[in-house]
Amino acid sequence: MEEIAKGIIYIGTEDKEQDLFESQYKLEEGMSYNSYLIKDNKTAILDTSDARTGRQWLSNLEESLQGTTPDYLIVHHMEPDHSALIGSVAEKYPDITIVASAKAIQLLGQFQPGKTFRTMAVKEGDTLELGSHSLSFIAAPMVHWPEVLFSYESLTGTLFSADAFGKFGALSLCGFYGDEDKDWACEARRYYFNICGKYGAQVTAVLKKVAQKSVSVIAPLHGPVLRKNLEYYLDLYTTWSSYGVETPGVFVAYASIHGGTAEAALKLADMLKSKGCPKVAVSDLTRDDRAEAVEDAFRYGTLVLAASSYDAGLFTPAYDFLHSLQMKGWQKRKVALIENGSWAPSAGRVMKEMIGQMKEITQIGELVTIRSRMREEDIPALEALADAIIQAQ
Ligand SMILES: Cc1cc2nc3c(=O)[nH]c(=O)nc-3n(C[C@H](O)[C@H](O)[C@H](O)COP(=O)(O)O)c2cc1C
Ligand SMILES: [Fe+2]
Ligand SMILES: [Fe+2]
């Protein structure tokens with residue numbers, strides 16, 4: 001069991017076989033469920049694990065405790081992927097005190113009906129002395145759920161950041177520490193925007209509080225432990241939570257039934273590249289991972305959305321994609337639209353309506369309408385759209 005900082009032991013688990021997180025996000029390299037143990041005059045367990053890896057977690061705990069009886073179980077986040085073993089811990093150690101926010105304690109009663117626990121509610125600014133280690137709590141409401149707390153351990157400068165700074169992937173596959181990870185940002189970004197994207201203001205607020213602490217280690221509930229080059233991770237989080245543009249370029253997303261819309265979207269992508277657009281990312285919304293498309297819509301400053309008309313509306317993969325963006329609070333972006341229809345094109349109208357309900361989204365150029373298949377006459381309108389996109393960069 002790895003000691004991540006003096007007296008702080010990693011006791012988390014991983015599930016390399018898991019293919020779907022939260023019943024919707026595809027996992028290429030499994031998932032980790034991080035948990036920590038602080039051994040001092042008092043012993044504190046920091047979060048538990050998902051039920052899927054429960055047996056492994058209980059065995060890690062027992063091995064790390066080496067016969068010591070734990071005094072506290074600190075719950076930063078009551079979502080079941082971290083809290084599934086609270087009942088097992090309390091059964092085994094009936095004198096243990098569950099330390100969490102008042103809201104988390106209320107949720108504990110809902111998730112574990114009929115059980116009673118010895119609890120201690122803590123709030124922003126409260127501290128828990130363990131000996132030489134001392135934990136101070138930082139409220140992080142809606143950094144995924146309303147009850148979330150971060151904690152800061154002052155001896156080692158370790159920030160326990162709950163789901164923030166988390167990432168998909170099992171640590172034995174992606175790297176235990178951030179600096180051992182092949183590409184932390186890719187899966188951390190997909191995780192962030194799909195899990196916390198809507199709550200940028202709340203993430204910004206907690207980052208401001210964190211900036212007042214001297215942080216040496218970030219210990220999240222998923223993904224690698226971060227201990228080197230922390231500005232890199234903090235800067236990315238600052239950009240992401242403020243809906244800033246991370247990578248200059250354009251994201252072209254298309255949803256096509258029979259290929260006509262795809263052809264027009266790919267033509268526009270080629271035009272953008274030949275006109276010197278720094279980066280053009282492309283996604284087929286009928287096939288590619290939706291969460292990845294959501295991530296790219298947040299990553300780049302401009303989205304081109306091309307879609308077929310469908311039953312007097314918008315082809316469902318495009319509709320679902322826009323709905324996901326709406327749900328995740330997509331904002332402060334430029335958008336260009338291409339529609340395709342054979343008898344009464346309707347995709348553009350629906351796309352405009354949906355985008356009109358989002359914050360600070362500006363349309364670039366005119367809606368380009370393709371009738372069934374792209375023709376020579378359509379090229380000037382696509383060229384004009386490409387020029388308008390380049391100019392707006
Ligand atoms: C189930 C279904 C419903 C459609 N509804 C409409 C429609 O309401 N209005 C329209 O103009 N075209 C409609 N279309 C036709 C397509 O939008 C049109 O053929 C378009 O060219 C498809 O582009 P694609 O080649 O990218 O699939 C529909 C097609 C299908 C299969
Ligand atoms: Fe969560
Ligand atoms: Fe989580």
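**A guided tour of the predicted model**

Select first the open sheet of 7 strands, which runs in the order β1-β2-β7-β8-β9-β10-β11 with mixed pairing; strands here are DSSP runs of E of at least two residues, numbered from the N terminus, and two of them pair if DSSP finds at least two bridges between them. Colour β1 (3-5) and β11 (119-121) next: each has a single partner strand and stands at an edge, so one side of each is left without a neighbour in the sheet. On average, neighbouring strands of this sheet are turned by 25° against each other, direction ignored, with axes fitted as lines to C-alpha atoms and angles running from 0 to 180 degrees between N-to-C directions.

This is a predicted model, in which local features need pLDDT of at least 70 and side-chain atom pairs count only at pLDDT 80 or more, while totals for chains, interfaces and linings use all residues. Residues are numbered from 1 along each chain as its sequence is written.

Zoom in on β1 and β2 (residues 8-10), which pair in the antiparallel sense over 2 bridges. Here A5 stands opposite I8 in β2.

Move now to L305. Leaving aside residues up to four places away in sequence, L305 touches A253, A318, V335, L337 and M351, contact meaning C-beta atoms, placed from the backbone, within 7 Å.

Finally, display the whole protein chain. Its C-alpha trace spans about 80 × 40 × 35 Å along the principal axes. Buried residues make up 45% of the 393 residues, a residue being buried if 20 or more other C-beta atoms, placed from the backbone, lie within 10 Å of its own.

Key. Chains are lettered from A and ligands numbered from 1 in the order in which they are written. Helices (H or I, at least four residues) and strands (E, at least two) are DSSP runs, numbered from the N terminus. Two residues are in contact if their C-beta atoms, placed from the backbone, lie within 7 Å. A residue is buried if 20 or more other C-beta atoms lie within 10 Å of its own, exposed if 12 or fewer, and partly exposed in between; C-beta atoms are placed from the backbone.
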